[in-house]
Amino acid sequence: MKRVTVIAGLLGLGLTVWMLMQFGARSILSLIMTGGWGILAATLFHAVQVALSAQAWRMIAGNSFSPSLPWRDYFLLRCVREGINNLLPVAQVGGEVWSSRLLARRGLGTKHAAAATICDLTLELLSQVLFTFMGLGLLLFLVKRSPITDELLESALIALAVGLALFISQWLGAVAFVEVLLVKIAGHLGWSGVDGIRGLHQAVLGLYKVKRNAVMALWLQFVAWALGAVEVCLILHFMGHDRSLSVGFVIEGVGEAAKSVGFAVPGALGVSEGGYLLIGSLFGISPALAIALSLIKRVREIAWGVPSLLVWQWLEHRWDARSQNGCKNPLPRSGL
C-alpha cells in the first residue's frame with residue numbers, strides 16, 4: 001500500500017510539474033503573487049467551512065448512549081483530518097482513521113467513534129455528490145452542451161452511483177461483514193482490542209436513525225461544500241479576474257469532485273489542478289489562471305494543515321495522558 005501511495009504521489013507531482021512547464025511557471029507564479037491577499041482571505045474564510053463540518057460530525061455522532069463531546073473537540077479533529085489528508089503521503093481517508101482513533105480515546109469508545117466517522121464520511125460524500133450535481137446543472141445553464149459537459153455528467157452519475165451504493169451497502173450489512181472479518185483475522189493473529197468494534201453495524205444504523213440528525217448533518221456538509229464557491233470567488237477577485245458566484249459554484253463543484261476521484265494520490269496532487277484547468281476553460285479562464293487558483297487553494301491547505309498536524313501531536317499526548325489518569329472528558333463540556 002505504501003508503494004502504491006508513493007508511486008501515485010510521484011505521478012501526481014510529475015503531472016503538476018508538467019502543467020507548470022507547459023503553461024508557464026513564471027506567469028502562474030506571477031498570478032499567485034498578485035492574489036496574495038486572496039490567500040489570506042481564503043485561509044480565514046475556510047474556518048467557516050471547518051466549523052460547519054465539525055458540527056455535522058458532532059450531530060451525527062450524538063445519541064443518548066454516549067457522552068456528548070464539546071463542539072471544539074470535533075473542530076480540532078476535523079482540522080486533524082484535513083491536515084493528514086492534505087499534507088501527509090496517505091490516501092484521502094488516512095485522516096479519518098487517525099481522527100477516529102483520537103475520538104475513541106476522547107471517551108466515545110472504539111465502536112461508537114468508528115461508527116460516527118463512517119456515518120460522517122458517508123454523508124460528506126453524498127453531500128459532495130449533490131453539490132457537484134447542482135454545479136453541473138448550473139454549468140448546463142451557463143454554457144452550451146459539449147463533449148466536456150457530457151463527460152462531466154457521466155462522471156457525476158458514476159459518483160452518484162458509488163455514493164448511493166456505499167450508503168445502501170451499510171444498511172445491507174457491509175459494515176457487519178467487515179466487522180466479522182476483522183474479528184476473525186484478529187483471532188488468528190492474536191491481536192488484542194478488536195472486541196471493541198463488535199456491534200459496529202448496529203451502531204452505524206443506530207446513528208442514522210437518531211431523530212433527524214442524519215438529515216441535518218447532510219445539510220450542514222452541503223452548505224460547507226457550497227461555501228467553497230465563495231472561496232473561489234475571493235481568490236479570483238484578488239487575482240483581478242472576477243467571476244460570478246454561480247461560476248464559482250461550478251468551478252468548486254467540479255474541482256473538488258476531481259480531488260475526490262484522485263483519492264489514491266496524496267493530496268490529489270496534479271489531479272485537482274487538472275480538474276480546475278478543465279472546468280475553467282469553459283468560462284474563459286486561462287490554464288495559467290486555473291492552475292494558479294488551484295495552487296493558492298493548496299497554500300491555504302498548508303496554512304491550515306501545518307498547525308493541524310501540530311495539534312494532532314498535541315492531542316495524542318494530551319488525551320493519552322488524561323485517559324491514563326482515568327479522565328475521559330478532560331475539557332469542560334460546551335458546544336453549539
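**Helix 13 and the enclosed cavities**

In helix 13, the buried residues are Ser272, Glu273, Gly275, Tyr276, Leu277, Ile279 and Gly280.

Q: How much of helix 13 is covered, then?
A: Helix 13 spans residues 271-280 in this predicted model, and 7 of its 10 residues are buried.

Q: How many cavities does the whole structure have?
A: The search finds 2 cavities of 30 Å³ or more. The largest holds about 60 Å³ of space, and the second largest has a volume of about 50 Å³.

Q: Which residues line the largest cavity?
A: Its lining consists of Glu256, Lys259, Gly267, Ala268, Ser272, Tyr276, Ser294, Lys297, Arg298 and Glu301. By class, these are 2 nonpolar, 3 polar and 5 charged residues.

Q: And which helix gives the largest share there?
A: Helix 14 does, with 4 residues. Helix 12 and helix 13 each supply at least two residues as well.

Q: What about the second largest cavity, which residues line that one?
A: Among them are His46, Cys79, Glu82, Arg300, Glu301 and Trp304. Helix 14 again contributes the largest share, here 5 residues, and helix 4 (71-87) supplies at least two. The lining divides into 2 nonpolar, 5 polar and 3 charged residues.

Q: Changing topic: at what angle do helix 10 and helix 11 pack?
A: The angle is about 10°, with the axes 4 Å apart. The two helices are therefore roughly parallel to each other. Ala224, Trp225 and Ala226 of helix 10 meet Gly228, Ala229 and Val230 of helix 11.

Q: Last one: is Arg26 buried or exposed?
A: Arg26, in helix 2, counts as exposed because its relative accessibility is 77%, above the 50% cut-off.

Notes: Residues are numbered from 1 along each chain as its sequence is written. This is a predicted model: local features need pLDDT of at least 70, side-chain atom pairs count only at pLDDT 80 or more; totals for chains, interfaces and linings use all residues. Side-chain values use heavy atoms; hydrogens and water are left out. Buried means under 20% relative accessible area, exposed over 50%, partly exposed in between (1.4 Å probe, protein chains only). Axes are lines fitted to C-alpha atoms, for helices over the stretch in contact, and angles run from 0 to 180 degrees between N-to-C directions. Angles under 35 degrees count as roughly parallel, over 145 as roughly antiparallel, 65 to 115 as roughly perpendicular and the rest as oblique. Contact means heavy atoms within 4.5 Å. On a 1 Å grid over the protein atoms alone, a cavity is a set of points where a 1.4 Å probe fits but cannot get out, and a pocket is an open set with protein on both sides within 12 Å along at least five of seven lines; lining residues have an atom within 4 Å of a point. Grid points are joined across faces, edges and corners, and a volume is the space filled by probe spheres set on the points. Ala, Val, Leu, Ile, Met, Phe, Trp, Tyr, Cys and Pro count as nonpolar, Asp, Glu, Lys and Arg as charged, and the others, Gly among them, as polar.
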